[in-house]
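Dear colleague,

Here is the structure I promised to pass on to you. Please have it open beside this message while you read.

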Amino acid sequence: MVVFVNGLLTELGSWAAHLPHFAHYRCLMWDCRGQGLSDKPAVSEYTVADHARDLAGLLDLLELRDPVALVGLSNGAATALSFAAAQPERVRALVVSGAYARVDRALELKLRSWIQAMHAGGGGLRFDVATPWVFGPQFLAENWASLALFRERAMSLDLGAAQRLIAGALLHHLDDAQLGRIRAATLVNVGEDDVLTPPSMARTLAAAIPGARLELLAEAGHAGALERVEAFCDQALGFLDPIMHAQA
């Protein structure tokens, strides 16, 4: 079983283009609280720890007892890491893209600017402020016309839920001792042009997880898994297939 965990302000449809590549696996997609059609409770924030606990509850509800592979992007990658650190026996393999173990000062300032933009100009201005942090320069150059559709989707987001998701991301912190408890085979994937969670952050993360592998995704930014779907899937499956086939 491969479980996909969404990026911060996306929903499960963001993985639609990936599914044909993973057709030889049973796949599970879900919206974290605050995303898509999932509940949006009126609390102060939706933390990464909340998402990890929700994932545990979902796997329990579906009676999925065997260890799974987790594929997560950005905040979804943070959720996958949090789950794997808390319940290492339930995770066979991890592919985390644009991941972060903790929010440093630079990432804090970037994320807080998104909240401030939302307060000043709603979802549209938040999208405008976030876009150069999220997408790489090549993707922006080649897909400029498509960004109007992305912006339209961003403007349709529930602003309260979006703020709670960002506020929860700001609280995320896994120390090296927690990361050291991860037993899953781990691929840390990062876009070479990622300026939100840069390659230096990915190197530090990979060094803290026993046996983790680090791979750069060429000509990609923070959302590299969505910008370069085929290249990302090639890297992810090149890593996962030997592990999951050995398990079978």
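Below I go through the sheet, the helices that pack on it, one arginine and the cysteines.

Please keep in mind throughout that this is a predicted model.

I begin with the sheet, which is open, has six strands in the order β2-β1-β3-β4-β5-β6, and is paired in the parallel sense. Its edges are formed by β2 and by β6, residues 213-217, each of which pairs on one side only. On average, neighbouring strands of this sheet are turned by 20 degrees against each other, if direction is ignored. As a general reminder, the strands of a sheet pair through backbone hydrogen bonds, in either a parallel or an antiparallel way.

Strand β1 is joined to β2, with which it runs parallel, by four bridges, and V3 has L28 of β2 as its bridge partner. Four bridges also join β1 to β3, again in parallel, and here V5 has G72 of β3 as its bridge partner. The side chains of β1 are divided between two directions, V2 and F4 pointing one way and V3 and V5 the other, and all of them are buried. Further along the sheet, β3 pairs with β4, residues 91-97, over six parallel bridges, and in that pairing A69 is matched with A93 of β4.

Turning to the helices, α1 packs on this sheet, where it touches β1, β2 and β3, and its direction makes about 135 degrees with that of β2. Helix α1 comprises the 14 residues 48-61, which at 1.5 Å a residue should span 20 Å, and because its end C-alpha atoms are 20 Å apart, the model agrees with that expectation. The buried residues of α1 are V48, D50, H51, A52, L55, A56 and L59. In general, an α-helix has 3.6 residues a turn, so residues three or four places apart point the same way. The cover over the buried residues of α1 includes β1 (2-5), β2 (27-30), β3 (68-73), α2 (75-86) and α6 (159-170). Just after α1, E63 takes a positive phi of about 55 degrees. Helix α2, for its part, lies across β1, β3 and β4, and runs at about 155 degrees to β4.

The arginine is R126, which lies in helix α3, residues 105-134. Is R126 buried or exposed? With a relative accessible area of 8%, R126 falls under the 20% cut-off and is therefore buried. Leaving aside neighbours within four places in sequence, R126 is in contact with L9, W114, A117, M118, A154 and L157. R126 and L8 are separated by 118 residues in sequence, while their C-alpha atoms are 13 Å apart in space.

Finally, how many disulfides does the model contain? The count comes to zero. C32 is in no disulfide, and the nearest cysteine sulfur, which belongs to C27, is 16 Å away. C233 is likewise in no disulfide, with the nearest cysteine sulfur, again that of C27, 9.9 Å away. For comparison, a disulfide would require the two sulfur atoms to be within 2.5 Å. As for accessibility, C32 counts as buried at 2%, and C233 counts as buried at 0%.

With best wishes

Note on methods: Residues are numbered from 1 along each chain as its sequence is written. This is a predicted model: local features need pLDDT of at least 70, side-chain atom pairs count only at pLDDT 80 or more; totals for chains, interfaces and linings use all residues. Side-chain values use heavy atoms; hydrogens and water are left out. The expected span of a helix is 1.5 Å times one less than its number of residues. Buried means under 20% relative accessible area, exposed over 50%, partly exposed in between (1.4 Å probe, protein chains only). Contact means heavy atoms within 4.5 Å. Two strands pair if DSSP finds at least two bridges between them. Axes are lines fitted to C-alpha atoms, for helices over the stretch in contact, and angles run from 0 to 180 degrees between N-to-C directions.
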